[in-house]
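User: I am new to protein structures and would like a close look at a single part. Could you choose one, walk me through it slowly, and then show me the rest around it?

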Amino acid sequence: MPLKFDLDNHYFLLQAFDRLGRHLYRNDWTGMEAFASPSDDPDFLKTRHNELDDQLDTIGLEKTALFQKGGRLEAGPEKQQIDQRLFELQSQEQELLNRKSALPSYRETLIADYEQYQRGQRVRETLYAGFADKKIKALFGLDQIIDWKLWCGYESFETSVSLSLATAPPEYSTRGDAPVFVSKTSFEQWLITLQPLVESEPEILTIKEQAIRLITKQTETHERIKKDDCWQAMNTEIPDLTRNMFDDVWKDHAPARWKKQGRLRN
């Protein structure tokens, strides 16, 4: 019986977070960033959440007043000023929502280390921006694609990187909590577009890591390719790549469309 959900094609949210952190921070990455708090004061994160909520409430009140005022005006300079201000407020609101969604939840901070917390925050913000821009596909549970930018507009939407878990807005799912899976193919294609944030020794990739990057690039230029043809091309590019290594990379990183049965179109 064919698999209905192939875990080999997905990362858990925590795995994607860690791979991004290693890429951006190289040797500075400790692997503990997902669990770090900036302070050993348990109220610190609650205070940050409350501060952002207060700013969002202030913007919400101003937007409501402007909507009411603008609704009574005819088209003209004053109406244009109100529309421009509403656009500015919408941008500010989205930025605050992004910052709030990137804060770690109270239940996932196990250590107090400010530098690790800062790195973790930067990685969360970068990863979530990739989701919001639809560069990376994230699944809520097994089959529901998360519209990250849309869901972030709901206070009920929460994520826990360390648990690879999200709470969906009830408007979009009645499941409550569910694991978050990240498409390996879309993630790896996006990852190679990012430059590291720290200076370090030139990156030395293992044979398997070289193969993962190469097959990821090939997904951008080949709609379909036979497995043996892919093996020949990659072995030419990476002479030390063994067939067993290639088989593992193909299994984990070749897109599903490459594995479909049937003749390829010319």
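Analyst: Here is a walk around one pair of aromatic rings, followed by a helix, some loops and the whole chain. This is a predicted model, in which local features need a pLDDT of at least 70 and side-chain atom pairs count only at pLDDT 80 or more, while totals for chains, interfaces and linings use all residues. Residues are numbered from 1 along each chain as its sequence is written, and side-chain values use heavy atoms, leaving out hydrogens and water.

Let's start with the rings. A search of the whole structure finds 18 aromatic pairs. Rings of Phe, Tyr and Trp (for Trp, the six-membered ring) pair if their centres lie within 6.5 Å; planes under 30 degrees apart are stacked, those over 60 are edge-to-face, and the rest are tilted. One of these pairs joins Tyr154 and Tyr172, which meet edge-to-face, with 5.5 Å from centre to centre and 80° between the planes. Tyr154 sits in the loop between α5 (148-151) and β6, and Tyr172 in the loop between β7 and β8 (177-183), so the pair ties together parts that are 18 residues apart in sequence. The names α and β stand for helices (DSSP runs of H or I, at least four residues) and strands (runs of E, at least two), numbered from the N terminus.

How open are the two partners? Tyr154 is partly exposed, at 26% relative accessible area, and Tyr172 is partly exposed too, at 31%. Here buried means under 20%, exposed over 50%, and partly exposed in between, with a 1.4 Å probe and protein chains only. Both tyrosines belong to one aromatic cluster, whose other members are Tyr128, Phe131, Phe140, Trp148, Trp151 and Phe157.

Two loop residues are worth a stop, too. Ser164, in the loop between β6 (158-160) and β7 (165-167), has a positive phi of about 55° although it is not a glycine. Ser164 is buried, with a relative accessible area of 6%. Lys134, in the loop between α4 and β4 (138-140), also has a positive phi, near 60°, without being a glycine. Lys134, however, is exposed, at 62%.

Now for a helix. The 27 residues of α2 (residues 44-70) should span 39 Å at 1.5 Å a residue, and the end C-alpha atoms are 39 Å apart, which agrees. The expected span is 1.5 Å times one less than the number of residues. Its buried residues are Leu45, His49, Leu52, Leu56, Ile59, Lys63, Leu66 and Gly70. An α-helix has 3.6 residues a turn, so residues three or four places apart point the same way. The cover over the buried residues of α2 includes α3 (77-102) and α4 (114-132).

Another loop, between α7 (207-221) and α8 (227-237), holds His222. His222 is partly exposed, at 30%. Apart from neighbours within four places in sequence, His222 is in contact (heavy atoms within 4.5 Å) with Arg257 and Trp258. The C-alpha atoms of His222 and Ser156 are 40 Å apart.

Finally, step back to the whole chain. The protein chain has nine helices and eight strands, and 41% of its 266 residues count as buried. Along the principal axes, its C-alpha atoms fill a box of roughly 70 × 50 × 40 Å. Among contacts between residues at least 6 apart in sequence, 69% join residues at least 24 apart.
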